[in-house]
Every structure is written in structure tokens, then in C-alpha cells.
Amino acid sequence: MGRGRVQMKRIENPVHRQVTFCKRRAGLLKKAKELSVLCDAEIGVVIFSAHGKLYELATKGTMQELIERYGKYTGGPPADEPMVEPMDAKKEIEMLKQEIEILQKGLRYMFGGGCEYMSLNELLVLEKHLEIWINHIRSTKMDIMFQEIQMLRNKEGIMKAANKCLHETIEENISNTDFTTMTTNMMHPLTIANNIF
């Protein structure tokens with residue numbers, strides 16, 4: 001019996017959403033690799049997670065080479081010309097310093113290391129970072145749990161194979177052995193039935 005049809009809407013539970021993302025991302029990348037091998041196609045896949053993490057796959061060469069080839073094909077700007085001017089280094093440094101300061105202040109606030117007041121914006125930034133961290137932790141935890149489950153399944157398969165082998169050996173030994181009345185020096189002889197096992 002097959003699974004029911006999946007409704008194409010956003011998964012509300014963040015843990016289920018992250019697990020689905022991990023599984024489907026792996027499936028998509030696997031299918032892209034298979035298509036490349038089977039059809040000798042040059043494939044590039046770029047995925048950004050909800051948290052901004054980049055996942056990419058270039059089946060032949062590098063992603064940069066593939067993007068350059070795509071740019072030449074579509075008539076876009078060459079890859080060596082920056083399409084968007086990067087942020088000024090001083091502005092970026094200042095922005096990162098402010099972010100670090102907010103995070104350090106948030107840590108002190110959470111652990112009671114000072115009676116600092118945090119503004120609403122600072123609390124919102126801290127909340128956003130905490131959600132990202134929690135999702136990363138949950139994702140890592142789920143990956144580890146899936147690996148452990150797979151290891152346990154592998155061990156189960158090994159144990160079943162060993163059990164089957166031992167069972168076959170026991171059956172062979174039973175069929176080759178004829179249990180009859182055994183005589184001893186004791187008053188009452190020991191008898192074992194043929195169908196005991």
C-alpha cells in the first residue's frame with residue numbers, strides 16, 4: 001500500500017520541516033548525480049536553506065565554471081565582473097562588531113551576568129539567532145539519530161544473518177544425530193526423545 005498524496009504547502013512544525021528538507025535535499029542531489037551519470041549531462045544545483053546555508057552540486061568541473069558557461073549562453077555579464085558591488089569593508093566590519101556586541105549582551109542577559117537592559121530590536125536579533133542555532137542543533141541531532149538508526153539496522157541485519165546461520169547449524173546437527181537410550185553405570189538410564197528439538 002503506497003503513501004498518501006503529500007499536500008504542497010508549508011510544513012508548520014519546524015522539526016518536521018527541517019527533516020523533510022534534509023531528506024528531499026539529499027534525494028534531489030542524488031537524482032541530479034544519477035541523471036548526470038546516465039545521460040552524460042552537465043548539471044549544477046544550488047540550494048539555499050531557510051537559514052541561508054548553501055548546498056551546491058556541480059557534476060562536472062566546478063560551480064564557477066558552470067555559472068560562467070551559463071552566463072555566456074544567456075548573454076549575461078562575465079563571471080569575473082561583479083554583478084553587485086560588495087559591501088564596503090569598514091561598513092561590514094562595523095556591522096559584524098555590532099552583531100557580536102548584541103550577541104554578547106544577549107548571552108550576559110540570558111545567564112544573569114549583569115543587569116543590562118536590552119531594547120526590543122536587540123531582543124528580536126537575539127531571538128532570530130537563537131532560532132537559527134536551535135534549528136542547526138536539531139538538524140545535527142536528527143542527522144546523528146538517523147546515522148545511529150542506520151547503524152542499528154545494519155547490526156540487526158548482521159545479527160539476523162548470524163542467528164540464521166546458527167539455526168541452520170543446529171538443525172544440521174540434530175538431523176545427523178540419532179538420540180537413543182544411553183546406558184550408564186547409574187541405576188536409571190538417561191533417555192532423550194528424538195523430537196526434543
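**A surface patch, a core and a buried arginine**

Y109 comes out as partly exposed, because its relative accessibility is 43%, which falls between the 20% and 50% cut-offs. The model here is a predicted one, so that value, like the rest, is computed from it. Y109 sits in helix α3 and belongs to a nonpolar patch on the surface, together with L107, M110, F111 and L123. The patch covers about 500 Å². Helix α3, spanning residues 89-110, supplies the largest share of it, with three residues.

Away from the surface, there is the core to look at. In soluble globular proteins, nonpolar side chains tend to end up buried together. The largest nonpolar core in this model has seven residues: L29, A32, I43, V45, I47, Y55 and L57. Helix α1 and the strands β1 (44-48) and β2 (54-58) are the elements that each give two or more residues to this core. Y55, one of the core residues, touches a fair mix of partners once neighbours within four places in sequence are set aside: F21, R25, V45, V46, I47 and S49.

R25 is the odd item on that contact list. This arginine lies in helix α1, which runs over residues 14-39. R25 is buried but makes no salt bridge. D143 carries the nearest side chain of opposite charge, and it is 5.6 Å away, whereas a salt bridge has to fall within 4 Å. What does R25 contact, leaving aside neighbours within four places in sequence? The partners are I47 and Y55, and both of these residues also belong to the largest nonpolar core.

Notes: Residues are numbered from 1 along each chain as its sequence is written. This is a predicted model: local features need pLDDT of at least 70, side-chain atom pairs count only at pLDDT 80 or more; totals for chains, interfaces and linings use all residues. Side-chain values use heavy atoms; hydrogens and water are left out. Helices (H or I, at least four residues) and strands (E, at least two) are DSSP runs, numbered from the N terminus. Buried means under 20% relative accessible area, exposed over 50%, partly exposed in between (1.4 Å probe, protein chains only). Lys and Arg count as positive and Asp and Glu as negative; His and the chain ends are not counted. Contact means heavy atoms within 4.5 Å. Patches are made of residues with over 30% relative accessible area and no salt bridge: like charges are joined within 9 Å, nonpolar side chains (Val, Leu, Ile, Met, Phe, Trp, Tyr) within 5 Å. Accessible areas come from the Shrake-Rupley method with a 1.4 Å probe; for residues, only the protein chains shown count as cover. A nonpolar core is a set of buried Ala, Val, Leu, Ile, Met, Phe, Trp, Tyr and Cys residues joined through side-chain atoms within 4.5 Å.
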